[in-house]
Amino acid sequence: CNVTQSTLSTGLKELEERLGVQVAERTKHSVMMTPVGKELAERARGILSEVQDFEDRAARENSVGTSSIRLGTIPTVGPYLMPRAMPLLRQRLPETKFYLREELTDRLVEGLMDGRLDLLLLALPHPLPPQIETEVLFSDGYYLATPKDHPLGNRDCVGANDLKGREMLLLEKGHCLQRHALSSFSGIDLNEDESFSATSLSTLVARVEEDLGITLLPKLAVDGGISKGHRLHLGDVAGAIPRDVALAWRKSSANADMYRAVGQCLQRAREQLAVS
């Protein structure tokens with residue numbers, strides 16, 4: 001807060017007197033928000049983000065300074081799409097500075113709602129607050145990654161029945177890809193190998209190459225080079241429900257047109273990856 005502890009305590013006390021409610025329980029050793037304090041803090045974050053959007057709109061009208069976009073992306077999309085997209089973004093929006101942040105989806109959504117981030121690159125479906133606008137850029141299907149000598153390692157295409165009853169190596173909980181992979185077939189539940197969970201797609205690829213299991217890899221990651229140099233088999237997955245890669249921003253933002261221009265560059269980058 002850039003203030004001393006005593007100044008902060010005095011500010012909280014004055015706020016409580018003005019509101020007529022207690023927002024925090026304070027002792028000499030700890031501070032804990034009350035239920036109403038938590039609710040008010042959440043509403044305050046929304047107000048602050050709208051104030052920022054208000055100022056951004058005025059700055060754009062007056063062409064004040066160089067604009068910037070704080071873009072948050074999930075780990076299963078950003079590392080494979082952004083390297084190809086950045087040259088396109090610099091060409092399309094030469095006066096715009098991009099600050100990239102990679103986090104899990106829930107943390108990104110929190111950052112967007114409290115104004116820490118301006119724009120998100122994430123995968124749907126995922127529950128989002130009603131204050132958020134989304135625009136789907138493209139669908140992202142899957143490849144089945146298996147060891148070369150696996151029973152499915154000589155199949156160019158597999159289906160739900162081929163995977164039924166087989167345990168899958170997946171990312172740890174918190175990654176939306178874990179949930180998307182488990183629900184990739186309508187009416188059929190895939191089984192997760194609960195003895196191991198990975199923190200990254202690179203770890204999953206290494207485990208498959210070591211003949212320790214099979215997994216589903218997003219086609220975006222494969223086109224982006226995640227499997228290059230690794231000894232494994234990739235097969236198409238027939239009938240799988242793809243995830244949707246989308247942009248998300250606050251509905252109150254004044255920069256929706258700019259964000260849609262970013263989306264067009266990301267779509268073009270995806271197309272280039274598919275043919276490279």
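Is Thr-215 buried or exposed? I began with this residue in a model that is predicted.

**Entry 1: Thr-215**

I looked up the accessible area and found a relative value of 1% for Thr-215. The cut-off for buried is under 20%, so Thr-215 counts as buried. I placed the residue in strand 11. Its side chain reaches the backbone oxygen of Leu-169, and I noted 2.6 Å for that pair. I then listed what Thr-215 touches, leaving aside neighbours within four places in sequence. The list holds Tyr-143, Leu-144, Ala-145, Met-168, Leu-169, Leu-170, Leu-204 and Val-208.

**Entry 2: the sheet with strand 11**

I traced the sheet next. It is open, has four strands in the order 8-12-7-11, and its pairing is mixed. Strand 8 (157–158) and strand 11 (215–218) are the edge strands, and each of them pairs on one side only. I checked the strand 8 end: strand 8 pairs with strand 12 (residues 233–237) in the parallel sense, over two bridges. There I found Val-237 of strand 12 as the bridge partner of Val-158.

**Entry 3: helix 7**

Which strands does helix 7 lie across? I found that helix 7 (residues 201–209) lies across strand 7 (142–146) and strand 11. With strand 11 the helix makes an angle of about 135 degrees. I noted four buried residues in helix 7, namely Leu-201, Leu-204, Val-205 and Val-208. Viewed down the helix axis, the buried residues fall within an arc of 100 degrees, so they line one face of helix 7. An α-helix has 3.6 residues a turn, so residues three or four places apart point the same way. Going back to the contact list, I found Leu-204 and Val-208 among the residues that Thr-215 touches. Just after helix 7, I noted that Asp-211 takes a positive phi of about 65 degrees.

**Entry 4: strands 9 and 10**

Leu-169 sent me to strand 9, which spans residues 167–171. How many of the five residues of strand 9 are buried? I found four of the five buried, and the strand is mostly covered. Strand 9 pairs with strand 10 (residues 191–198) in the parallel sense, over four bridges. I looked up two positions along this pairing. Leu-170 has Ser-197 of strand 10 as its bridge partner, and Leu-171 stands opposite Ala-198. Last, I followed the chain between the two strands: strand 9, helix 6 (residues 176–182) and strand 10 make a β-α-β unit, and I noted it as right-handed.

Note on methods
Residues numbered from 1 in each chain as written. Predicted model: local features only at pLDDT ≥ 70, side-chain atom pairs only at ≥ 80, totals over all residues. Heavy atoms only, no water. Pairing = 2+ DSSP bridges. Contact = heavy atoms within 4.5 Å. Axes fitted to C-alpha atoms, helices over the stretch in contact; angles between N-to-C directions. Right-handed = clockwise from strand over helix to strand, strands pointing away. Buried < 20%, exposed > 50% of the residue type's maximum accessible area, 1.4 Å probe, protein only. Arc of directions from axis to C-beta. Polar contact = N/O pair within 3.5 Å; in protein donor to acceptor, adjacent residues only side chain to side chain.
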